[in-house]
Amino acid sequence: MDIAAMSLSLSACSTNTNISIAMMSKVLDTVEVAGEALTEMIESVPTPGLGERIDILA
């Protein structure tokens, strides 16, 4: 393989790697936002049965 072909191949691999990293970064951002929204939803749900019974024997 000559140097020009090797350089072209290396450049293509580098471009593909950069695109993959950019996509993974976007996916990570999306997952973080979804996780925060899920955490807020879980915290906003009242606990069922909380305060309905009192243990007077303890």
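How many helices and strands does the secondary structure of the protein come to? I looked this up before anything else. I counted 1 helix and 0 strands. I note here that the model is a predicted one.

**Entry: overall form**

I checked the radius of gyration of the protein and found 27 Å, whereas a compact globule of 58 residues would have a value near 10 Å. I then took the box filled by the C-alpha atoms along the principal axes, and wrote down roughly 85 × 20 × 10 Å.

**Entry: surface**

What share of the 58 residues counts as buried? I found 0%. The accessible surface of the protein comes to about 5,600 Å². Carbon and sulfur atoms account for 67% of that surface.

**Entry: helix H1, alanine 22**

I looked up alanine 22 and found this residue in helix H1. Alanine 22 counts as partly exposed because its relative accessibility is 45%, and partly exposed is the class between under 20% and over 50%. I also took the distance from alanine 22 to glutamate 40, which is 18 residues away along the chain. Their C-alpha atoms are separated by 28 Å.

**Entry: helix H1, the negative patch**

Which residues form the negative surface patch? I listed Asp29, Glu32, Glu36, Glu40 and Glu43. Glu40 is thus a member of this patch, and I had already used glutamate 40 as the far end of the distance from alanine 22. From the patch I picked aspartate 29 and placed it in helix H1. Aspartate 29 has a relative accessibility of 39%, so I entered this residue as partly exposed.

**Entry: helix H1, the nonpolar patch**

Next I looked for a nonpolar surface patch and found one of about 320 Å². Leu38, Met41 and Ile42 make this patch. Methionine 41 lies in helix H1, which covers residues 3-44. Is methionine 41 buried or exposed? I entered methionine 41 as exposed because its relative accessible area is 51%, and the cut-off for exposed is over 50%.

**Entry: the segment after H1**

I moved on to proline 46, which is found in the segment after H1. Proline 46 has a relative accessibility of 65%, so I entered this residue as exposed. I then compared its position with that of asparagine 18, 28 residues apart in sequence. C-alpha to C-alpha, proline 46 and asparagine 18 are 45 Å apart in space.

Glycine 49 also has its place in the segment after H1. I entered glycine 49 as partly exposed because its relative accessibility is 39%. How far is the C-alpha atom of glycine 49 from that of leucine 8? I found a separation of 66 Å for this pair, which is 41 residues apart along the chain.

Methods: Residues numbered from 1 in each chain as written. Predicted model: local features only at pLDDT ≥ 70, side-chain atom pairs only at ≥ 80, totals over all residues. Heavy atoms only, no water. Patch = residues over 30% accessible without salt bridge, like charges linked within 9 Å, V, L, I, M, F, W, Y side chains within 5 Å. Areas by Shrake-Rupley, 256 points an atom, 1.4 Å probe, with all protein chains shown as cover. Salt bridge = Lys/Arg side-chain N within 4 Å of Asp/Glu carboxyl O. Helix = DSSP H or I, 4+ residues; strand = E, 2+ residues; numbered from the N terminus. Buried < 20%, exposed > 50% of the residue type's maximum accessible area, 1.4 Å probe, protein only. Lys, Arg positive; Asp, Glu negative; His and termini not counted. Charge placed at Lys NZ, Arg CZ, Asp CG, Glu CD. Rg over C-alpha atoms; globule rule 2.2 N^0.38 Å.
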